[in-house]
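I set out to record what could be looked up about the ligand and the aromatic rings in this entry. My notes follow in the order in which I made them.

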Amino acid sequence: VWQHILEHIRRNITEVEFHTWFERIRPLGVQEGVLELAVPTSFALDWIRRHYAELIQEALGLLGAQAPRFELKVVPSTAVQEDIFHAAPPLDAPQPRLNPKYTFENFVVGPNNSMAHAAAVAVAESPGRAYNPLFIYGGVGLGKTHLMHAVGHSVAKRFPHLKVEYVSTETFTNELINAIREDRMSEFRERYRSVDLLLVDDIQFIAGKERTQEEFFHTFNALYEAHKQIILSSDRPPKDILTLEARLRSRFEWGLITDIQPPDLETRIAILKMNAEQRGLRIGEEVLEYIARQVTSNIRELEGALMRTVAYASLNGVELNRVVAAKALSEIFSPREVEVDPQEIVRKVAEHFALRPEDLVGGGRRKEVVLPRQVAMFLVRELTRSSLPEIGQLFGGRDHTTVLYAIQKVQELAESDREVQSLLRALKERLV
Ligand code: ADP
Ligand code: MG
């Protein structure tokens with residue numbers, strides 16, 4: 001609960017204010033619908049009450065509390081107990097910068113991620129010798145960062161003498177800029193070229209950054225030649241990263257490229273179950289399934305929905321059941337947000353026509369894929385908020401006029417052809 005409140009607060013005040021007043025607040029629990037918060041001093045209590053009470057209340061309201069109330073108590077910091085839901089990772093975690101929660105043990109394996117998981121395990125077992133580089137791609141919130149950190153933990157534990165470095169592409173870029181400005185390039189190079197396992201997250205952000213690409217190219221070569229392991233993550237495969245130098249793209253393709261797809265229902269339920277257990281929450285199967293059905297495409301949001309549901313029940317002092325879950329989520333997600341995932345549409349349509357999803361989003365023009373592809377485009381348009389250019393992007397970078405044509409075609413067919421009509425109806429029923 002508290003994590004969500006903090007997120008809201010953080011968005012609304014400056015970093016300095018946040019750091020000064022909120023980082024040391026600890027949630028004590030909920031008593032009869034009142035959230036109790038521990039602050040370290042009476043001065044802080046007074047200040048927070050005068051300046052931030054409304055903000056905290058607003059955050060509680062957003063979580064679905066009917067009568068959002070909280071109480072501040074002075075608890076000297078040693079006596080403060082752990083947050084009941086999250087032990088937040090420290091902001092400046094020691095090297096390597098790995099989130100302790102992101103381990104293999106905490107990673108639920110399903111059909112959507114089993115390949116990526118297997119590759120990650122193989123790399124963790126023999127870094128530099130299994131697949132190099134390992135390139136993991138997939139949509140937001142599907143576990144790429146988690147898997148990378150898991151390899152990092154595993155290698156650090158198994159081979160304590162190896163040096164592990166995790167960096168987001170954004171941080172790499174910023175550090176590079178600083179190094180250039182402060183004339184510390186040799187230090188920068190030494191740092192990244194002396195590691196045994198380099199994890200670079202969200203490499204798609206390197207697109208268009210020429211200086212960073214240049215520098216990363218040399219880092220890559222130095223590590224690769226020394227048989228050091230490199231793992232990269234991205235929201236798309238190398239070939240779809242536009243304005244990526246060809247020499248980098250080809251290097252990204254040297255090793256193994258593996259993807260993570262959105263999890264199916266069973267996997268989503270398993271993830272929720274593990275989450276609940278880890279937090280010591282006992283939640284009925286039907287509640288977990290309900291939540292898993294609402295949030296289909298992003299595991300971070302899936303976990304958020306679980307936490308919101310728990311917070312809602314606890315703040316309103318009611319037992320958590322399916323009805324309460326439905327209420328909690330309906331008040332938080334506006335109806336449009338609980339929309340169908342475009343990828344899910346592609347999968348379902350492909351499945352229906354006994355094709356592979358790749359056939360639909362790929363470039364092939366065989367007769368047997370053209371109509372299914374048009375149907376999929378039509379459904380994405382109808383069931384999601386995607387714009388025509390976005391749909392074009394989803395379907396292998398097609399032009400928006402092609403998408404428009406496809407949609408009109410299906411519409412015409414639906415008007416004249418009973419079979420197409422019932423096909424669309426059946427597909428929609430399975431999707432929403
Ligand atoms: P990405 O980097 O792909 O955007 P993350 O790795 O940050 O996604 O994952 C988002 C959240 O979902 C994290 O809290 C992560 O622990 C969780 N998560 C993702 N995949 C799994 C999984 N297979 N099992 C358990 N938790 C997962
Ligand atoms: Mg990530």
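**Surroundings of ligand 1**

I first looked up which helices contribute to the shell around ligand 1: helix H5 (144-158), helix H10 (265-278) and helix H12 (299-315) each supply at least two of its residues. I note here that the model is a predicted one.

I then listed the residues around ligand 1; there are 18, of which Gly-141, Lys-144, Thr-145, His-146 and Arg-300 come nearest. By class, I found eight nonpolar, seven polar and three charged residues in this shell.

Next I looked up contacts of ligand 1 with polar atoms. An oxygen atom of ligand 1 lies 2.7 Å from a side-chain N or O atom of Thr-145. For His-146, I likewise found a ligand oxygen atom 2.7 Å from an N or O atom of the side chain. At Leu-142 the partner is a polar backbone atom, 3.2 Å from an oxygen atom of ligand 1. Of the 560 Å² of accessible area that ligand 1 has on its own, the protein covers 95%.

**Aromatic rings**

I turned to the aromatic pairs and obtained a count of 14. I examined Trp-21 and Trp-47: their ring centres are 5.3 Å apart and their planes stand at 15 degrees, so I entered the pair as stacked. Trp-21 belongs to helix H2 (residues 15-22) and Trp-47 to helix H3 (residues 42-62), so the pair links distant parts of the chain, 26 residues apart. Trp-21 counts as buried because its relative accessibility is 15%, whereas Trp-47, at 28%, counts as partly exposed.

I also recorded one aromatic cluster, whose members include Phe-135, Phe-172, Tyr-192 and Trp-254. Lastly, I noted that Arg-247 lies over the face of Phe-217, 3.7 Å from the ring centre.

Technical notes
Residues are numbered from 1 along each chain as its sequence is written. Chains are lettered from A and ligands numbered from 1 in the order in which they are written. This is a predicted model: local features need pLDDT of at least 70, side-chain atom pairs count only at pLDDT 80 or more; totals for chains, interfaces and linings use all residues. Side-chain values use heavy atoms; hydrogens and water are left out. Rings of Phe, Tyr and Trp (its six-membered ring) pair if their centres lie within 6.5 Å; planes under 30 degrees apart count as stacked, over 60 as edge-to-face and the rest as tilted. Helices (H or I, at least four residues) and strands (E, at least two) are DSSP runs, numbered from the N terminus. Buried means under 20% relative accessible area, exposed over 50%, partly exposed in between (1.4 Å probe, protein chains only). A charge sits over a ring if NZ of Lys or CZ of Arg is within 6 Å of the ring centre and within 35 degrees of the ring normal. A residue is near a molecule or strand if one of its heavy atoms lies within 4 Å of it. A polar contact is a pair of N or O atoms within 3.5 Å; within protein, one must be able to donate a hydrogen and the other to accept it, and residues adjacent in sequence count only if both atoms are side-chain atoms. Accessible areas come from the Shrake-Rupley method with a 1.4 Å probe; for residues, only the protein chains shown count as cover. Ala, Val, Leu, Ile, Met, Phe, Trp, Tyr, Cys and Pro count as nonpolar, Asp, Glu, Lys and Arg as charged, and the others, Gly among them, as polar.
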